[in-house]
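Reader: Could you pick one part of this and go through it closely with me? I'd like to see how the backbone is laid out there, and where it does something odd.

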Amino acid sequence: MNWGKKFWKVCAASIRILFREGTRSYLRQVSEKIRRREFTILEPKVPSNSVLGSPFPIPSDFLLRQIGGPGMTPEIYLQSGCTLSHQIKQGMHVAGRDFDFKSVLDWGCGCARVLRWLCWPKTKCRFYGTDISQEAVEWCRKNIPFAKFERNNPLPPLPFPDGSFDLIYGISVLTHLDEAFQFAWLKELGRVAKPGAIIILSTHGDIFGQLFLSRLEYERLSKKGFLYTKAVEKGGVHGLPSFYQTTFHTRQYVENKWGKFFTLLLYAEHGAKHQDLIVMEKAKFDKTGMVGHPKSYVHLDLPIGHIEDPRLNTVVSTQQLSVRGWAFRPSGGTIQLDLFIDERKVGSLTVDANRSDIAQNYPTYPSANCSGFSTTIQINDLNAGIHILSISETSNSIPISCIHFQTWTESLR
Ligand SMILES: C[S@@+](CC[C@H](N)C(=O)[O-])C[C@H]1O[C@@H](n2cnc3c(N)ncnc32)[C@H](O)[C@@H]1O
């Protein structure tokens with residue numbers, strides 16, 4: 001918009017106010033607004049140090065790398081955290097539980113990639129985070145005021161009494177610990193969980209084995225169900241101790257070994273971005289024995305995918321929203337997607353557009369060839385403000401990808 005047009009828009013807006021109210025005080029208000037440059041006629045700018053729907057600062061590059069290596073950009077940190085928080089909530093929903101907890105622990109919280117999204121919508125829940133990284137805990141204490149943070153040692157115990165939490169989750173933590181650490185932590189998480197509590201953990205499942213392991217390593221994984229590989233030979237990953245490497249789990253292993261600690265409710269392949277999402281319950285007993293113990297768990301084979309447009313923090317001023325991205329199921333098959341804005345279904349589509357770039361990134365999966373989608377959604381009934389767009393497969397509600405965007409109207413603030 002050029003300056004001439006902007007000027008006339010300000011004039012027109014001022015005249016509208018004058019006609020509507022016609023008072024001297026409004027004239028004073030308008031001139032005060034002009035003096036303070038408070039008109040929102042220009043496209044609003046999102047402050048660079050905050051994020052739509054998550055008004056907390058972005059961690060330093062060092063902390064971002066500590067949780068995700070050199071590829072962890074602020075945008076990926078935000079979008080993946082937003083998606084993971086919704087995957088946790090919907091994963092619980094599929095497992096038959098609502099997100100109505102009194103006390104939640106994010107074990108291995110890092111720099112709060114997931115936790116930062118959980119205070120919205122407003123809740124009375126008490127949130128806690130722990131991590132071995134002193135830098136991450138200090139950053140969280142300073143920047144995430146709605147939760148309490150503690151540093152824990154590489155091995156248990158945690159600084160909490162028995163039965164403290166009714167939800168504990170650990171995203172991409174057991175993906176780095178050897179078996180001795182893993183069993184020690186499964187026992188400890190069981191100690192600090194209340195009877196009937198939900199425990200959610202993620203693993204590097206089959207897709208990681210296929211993409212990142214040699215044939216020999218993959219065979220070892222398939223045989224034992226678990227593989228701990230030295231990702232970094234000398235020293236640790238970005239300031240973390242040298243025990244912190246990379247592990248892979250099969251579903252069978254999780255079922256057999258983790259099933260000794262907790263009751264499995266849901267195993268969602270690729271349910272935590274590319275990682276597998278496992279929702280479990282700590283057994284609850286009454287006089288008659290174990291309560292509500294399900295005989296089998298829900299198994300889902302979800303697509304992986306990503307919303308590329310709109311991008312995080314996009315401010316949309318039109319009546320329509322263009323949505324573009326990709327999704328495919330590594331095991332193949334056609335994908336029907338549902339699109340939601342603020343949990344209201346706004347459209348559905350079949351994924352079938354050619355995406356040679358995605359096929360190049362995932363050469364072992366033929367289904368990646370036709371993984372593209374794009375569509376346009378009418379958004380003229382949306383209020384101005386922040387909204388969340390998510391995509392999920394029509395057959396279940398666990399989102400594949402989520403993104404925040406903002407709508408605005410040409411009006412005076
Ligand atoms: C890949 S990062 C994931 C961080 C966070 N959960 C997320 O999803 O962004 C793994 C985290 O686990 C933490 N960690 C590793 N071993 C741990 C342990 N024994 N107890 C608690 N946290 C641990 C690391 O410091 C790191 O922050």
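Author: Strands here are DSSP runs of E at least two residues long, numbered from the N terminus. Keep in mind that this is a predicted model. Counted that way, the chain has 10 helices and 20 strands, and I'll stick mostly to one sheet and the loops that go with its strands.

That sheet is open, has eight strands and mixes its pairing; read across, the order is S3-S2-S1-S4-S5-S9-S8-S12. Its edges are S3 (147–151) and S12 (298–301), each with a partner on one side only. Going from strand to neighbouring strand, the average turn is 15 degrees, direction ignored.

Let's start at the S3 edge. S2 (residues 126–131) runs parallel to S3, and five bridges join the two. If you want a spot to click on, Thr130 sits opposite Glu150 of S3. Across this pair of strands lies helix H5 (residues 134–143), at about 160 degrees to S3. Further into the sheet, helix H6 (residues 179–192) lies across S1 (103–107), S4 (165–170) and S5 (193–203), and makes an angle of about 145 degrees with S5.

Now for the odd backbone. As a rule, residues other than glycine mostly have a negative phi, and peptide bonds are mostly trans. In the loop between S1 and S2 you'll find Ala112, which is not a glycine yet has a positive phi of about 60 degrees. Ala112 counts as buried because 27 other C-beta atoms lie within 10 Å, and the cut-off for that is 20 or more. The ligand is worth a look here too: of the 20 residues around it, the nearest include Gly108, Gly110 and Arg113. By class, that shell has 11 nonpolar, seven polar and two charged residues.

The loop between S3 and S4 has its own quirk, since Pro157 lies there and the bond to it from Pro156 is cis, with omega near 15 degrees.

For comparison, step away to the loop between S16 (335–341) and S17 (344–351), where Asp342 lies. Asp342 also has a positive phi, about 50 degrees, without being a glycine. Asp342 is partly exposed, because 13 other C-beta atoms lie within 10 Å. One more cis bond joins Asp309 to Pro310, with omega about 0 degrees; Pro310 is in the loop between S13 (304–309) and S14 (314–316).

Terms used
Residues are numbered from 1 along each chain as its sequence is written. This is a predicted model: local features need pLDDT of at least 70, side-chain atom pairs count only at pLDDT 80 or more; totals for chains, interfaces and linings use all residues. A residue is near a molecule or strand if its C-beta atom, placed from the backbone, lies within 6 Å of it. Ala, Val, Leu, Ile, Met, Phe, Trp, Tyr, Cys and Pro count as nonpolar, Asp, Glu, Lys and Arg as charged, and the others, Gly among them, as polar. Two strands pair if DSSP finds at least two bridges between them. Helices (H or I, at least four residues) and strands (E, at least two) are DSSP runs, numbered from the N terminus. Axes are lines fitted to C-alpha atoms, for helices over the stretch in contact, and angles run from 0 to 180 degrees between N-to-C directions. Two residues are in contact if their C-beta atoms, placed from the backbone, lie within 7 Å. A residue is buried if 20 or more other C-beta atoms lie within 10 Å of its own, exposed if 12 or fewer, and partly exposed in between; C-beta atoms are placed from the backbone.
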